[in-house]
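The following exercises are to be worked through with the sequence and the structure at hand. Each task is followed by a solution in steps.

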Amino acid sequence: MSFAQKLADGQFVTLAELEPPKGVDVIAFVGHAQRVKGKVDAVVVPEMANAVMKISSLGGCMLLANKGLETVMQVCCRDRNRLALQADLLAAAALGITNLMAVEGDPPSYGDHHKARPVYDLNNQELMQAIAKLASGKDMAGVELEGTPHFTVGTTLNTGALGAVQQELAQLDQNLDAGAQYFITPPVFDLDQLAAFTKHLGDRQIKLIPNVLLLKSVGMARAIGRHLKHVHMPDELIERVKNAPDRVRECVQIAVELIEGIKAAGYSGVMISPLGWEDRLPHILGA
Amino acid sequence: MIVANGKPLEEIIAAVKDRQKILVAGCNECVTVCEVGGTKEVGILASALRLHFLNQGIKAEVGETTLQRQCDREYLVQARETVEPYDIVVSIACGVGCQFMAEEFSTQPVVPGVDTMFMGGALERGVWSERCQGCGTCLLAKTGGICPVSRCAKRVLNGPCGGSTKGKCEISKDVDCAWQLIIDRLKALGRLDDYETLMPIKDWSTDRAGGPRKRIKEEVAS
């Protein structure tokens, strides 16, 4: 069953986020994806996350689609104007890539090409409106398309927005109006904090897919807790990694427990981001 | 100077409707020179608003003021007594002035009465032309004093492109090809050798790529 069908059916979906390479050696990227084939519903291919230049999401998705994997293409406002965005969306749909995740994109100053000129012609909501317009058979200029693309569109929901819940909910409503069908959260390390956020959702029946980012070390846990304001890192978790006899095993175990907790809590799915620990993904998924 | 264009009266009316006391605030600097936001234009806009309210049978008071500079806190503070009695301010300074006004009078609505367009100068009476986009890394020394960033439609740094015909840009016969101007100028300066030197790919981090910008002059900043 496809990602879109499972999502519509209310079945738990499992996504893995795999970064394409900076360069043309795609052996590891494709290999990692192939090893989780059948264990995940789709592979999310980021579009130059953190503004670091690498193979595009469309290219990465095509590489995996050629190996029979279902993918989620990220569409990003940072680097393309409305012409290029629509052109790539049509290309993706024509190539069979119809799962999308719309993102605004970090500014170039975050990445490795800080001299680049950012685009941001459309913002995230406008991008989703553009996607909806294409799915209605017309482009943003109102010109009729030869063949209408159909997409399953998701975006992000900042469930870590502690002091700005109302603003986040307002943005969520705009995203729902713009056609968002599922929402991916920032990395979650505290399921209670996530549950506390979801209480604010009221009667909005949204498909929420929490992100599980694999911790690698105490230092990484501390850095996340210190620098990522929208990610809640419990002190106990840092202590747990610190005191573990085998820290690597403990980090993997934390991810496994988070995934189990997410399933048990009835969320729509999970997106796992191995971020360098792709080789441990089959074990985590098989657990 | 910063060049702006007056907003349609209907848009301004829509922004101030339901307000009884409206202040039209001009600025004595750039917008006065480009004849869109000085004392004269404050009077014209205020009169137009009064006429509108009169025709609609609406009782509203429209005040007028022109600050020396709306982009300067020093003058905004002095204007406090004038501004505070009003329900809303229509700022016909540039976008900078309008924002500084809004920041200074944080509990009063401030709406723009002009659309701020560009940094430029007057070609003749009533005609202003763009000359600078504030990219943060000036190239004029290399291009004979003619800016390809603000004057070339494609911001080409090693032009001209194939769209240059008889000195005009392909986007409009009314637009000069910036690179034709640059070549003519370098020729006149006897510097055509400079034209042969390829310009490196531009660093846009000093433009908006690095986010909103701020300049700090250490020796005078407190």
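## Exercise 1: Two helices in contact

In this predicted model, Leu237(A), Arg240(A) and Val241(A) of H9(A) meet Arg247(A), Glu250(A), Cys251(A) and Ile254(A) of H10(A). Describe how H9(A) and H10(A) pack, and classify the residues of their contact.

Solution.

Step 1. Two packed helices are described by the angle between their axes and the distance between the axes.

Step 2. Helix H9 of chain A covers residues 235–243 and helix H10 of chain A covers residues 247–264; the angle between them is about 145°, and their axes are 8 Å apart.

Step 3. Sorted by class, the residues of the contact of H9(A) with H10(A) are four nonpolar, no polar and three charged.

## Exercise 2: A strand and its surroundings

Determine how many residues of strand E4 of chain A are buried, and state which way each of them points.

Solution.

Step 1. Strand E4 of chain A spans residues 99–103 and is mostly covered, since five of its five residues are buried.

Step 2. In a regular strand the side chains alternate between the two faces of the sheet.

Step 3. In E4(A), Asn99(A), Met101(A) and Val103(A) point one way, while Leu100(A) and Ala102(A) point the other way; all are buried.

Which strands pair with E4(A), and in what sense?

Solution.

Step 1. Strands of a sheet pair through backbone hydrogen bonds, either parallel or antiparallel.

Step 2. Strand E3 of chain A (residues 71–76) pairs with E4(A) in the parallel sense over four bridges. One position to look up is Gln74(A), whose bridge partner in E4(A) is Met101(A).

Step 3. E3(A), helix H4 of chain A (residues 82–94) and E4(A) form a right-handed β-α-β unit.

Step 4. Strand E5 of chain A (residues 152–156) also pairs with E4(A) in the parallel sense, over four bridges. Here Asn99(A) stands opposite Thr152(A) in E5(A).

Step 5. From E4(A) the chain reaches E5(A) through helix H5 of chain A (residues 124–135), and this β-α-β crossover is right-handed.

## Exercise 3: Two sheets of chain B

Give the strand order of the open sheet of three strands in chain B, and name its edge strands.

Solution.

Step 1. The order of the three strands is E1-E6-E7 in chain B, and the pairing is antiparallel.

Step 2. Strand E1 (2–6) and strand E7 (127–132) of chain B are the edge strands, as each pairs on one side only.

Step 3. On average, neighbouring strands of this sheet are turned by 70° against each other, direction ignored.

Step 4. Strand E6 of chain B (residues 114–124) and E7(B) run antiparallel and are joined by five bridges. Within this pair, Met119(B) stands opposite Cys132(B) in E7(B).

Now treat the open sheet of four strands in chain B in the corresponding way: what is its order, and which helices pack on it?

Solution.

Step 1. The order is E3-E2-E4-E5 in chain B, with parallel pairing.

Step 2. Its edge strands are E3 (61–67) and E5 (110–112) of chain B, each of which pairs on one side only.

Step 3. From one strand to the next the twist averages 25°.

Step 4. Strand E2 (residues 21–27) and strand E4 (residues 88–91) of chain B run parallel, joined by four bridges. Ala25(B) has Ser91(B) in E4(B) as its bridge partner.

Step 5. Helix H1 of chain B (residues 9–16) packs on the sheet and touches E2, E4 and E5 of chain B; its direction makes about 160° with that of E4(B).

Step 6. Helix H6 of chain B (residues 95–104) likewise packs on the sheet and touches E2, E4 and E5 of chain B, and its direction makes about 170° with that of E5(B).

## Exercise 4: Compact or spread out?

Decide for each chain whether it is compact or spread out, using the radius of gyration and the globule rule.

Solution.

Step 1. Chain A has eleven helices and eight strands. The radius of gyration of chain A is 19 Å, close to the 19 Å that the globule rule gives for 287 residues, so chain A is as compact as a globular protein of that length.

Step 2. Of the 287 residues in chain A, 40% are buried.

Step 3. Chain B has nine helices and nine strands. The radius of gyration of chain B is 22 Å, well over the 17 Å that the globule rule gives for 222 residues, so chain B is more spread out than a compact globule.

Step 4. Of the 222 residues in chain B, 30% are buried.

Note on methods
Residues numbered from 1 in each chain as written. Chains lettered and ligands numbered in written order. Predicted model: local features only at pLDDT ≥ 70, side-chain atom pairs only at ≥ 80, totals over all residues. Buried ≥ 20, exposed ≤ 12 C-beta atoms within 10 Å, placed from the backbone. Pairing = 2+ DSSP bridges. Right-handed = clockwise from strand over helix to strand, strands pointing away. Axes fitted to C-alpha atoms, helices over the stretch in contact; angles between N-to-C directions. Contact = placed C-beta atoms within 7 Å. Rg over C-alpha atoms; globule rule 2.2 N^0.38 Å. Nonpolar A, V, L, I, M, F, W, Y, C, P; charged D, E, K, R; others polar.
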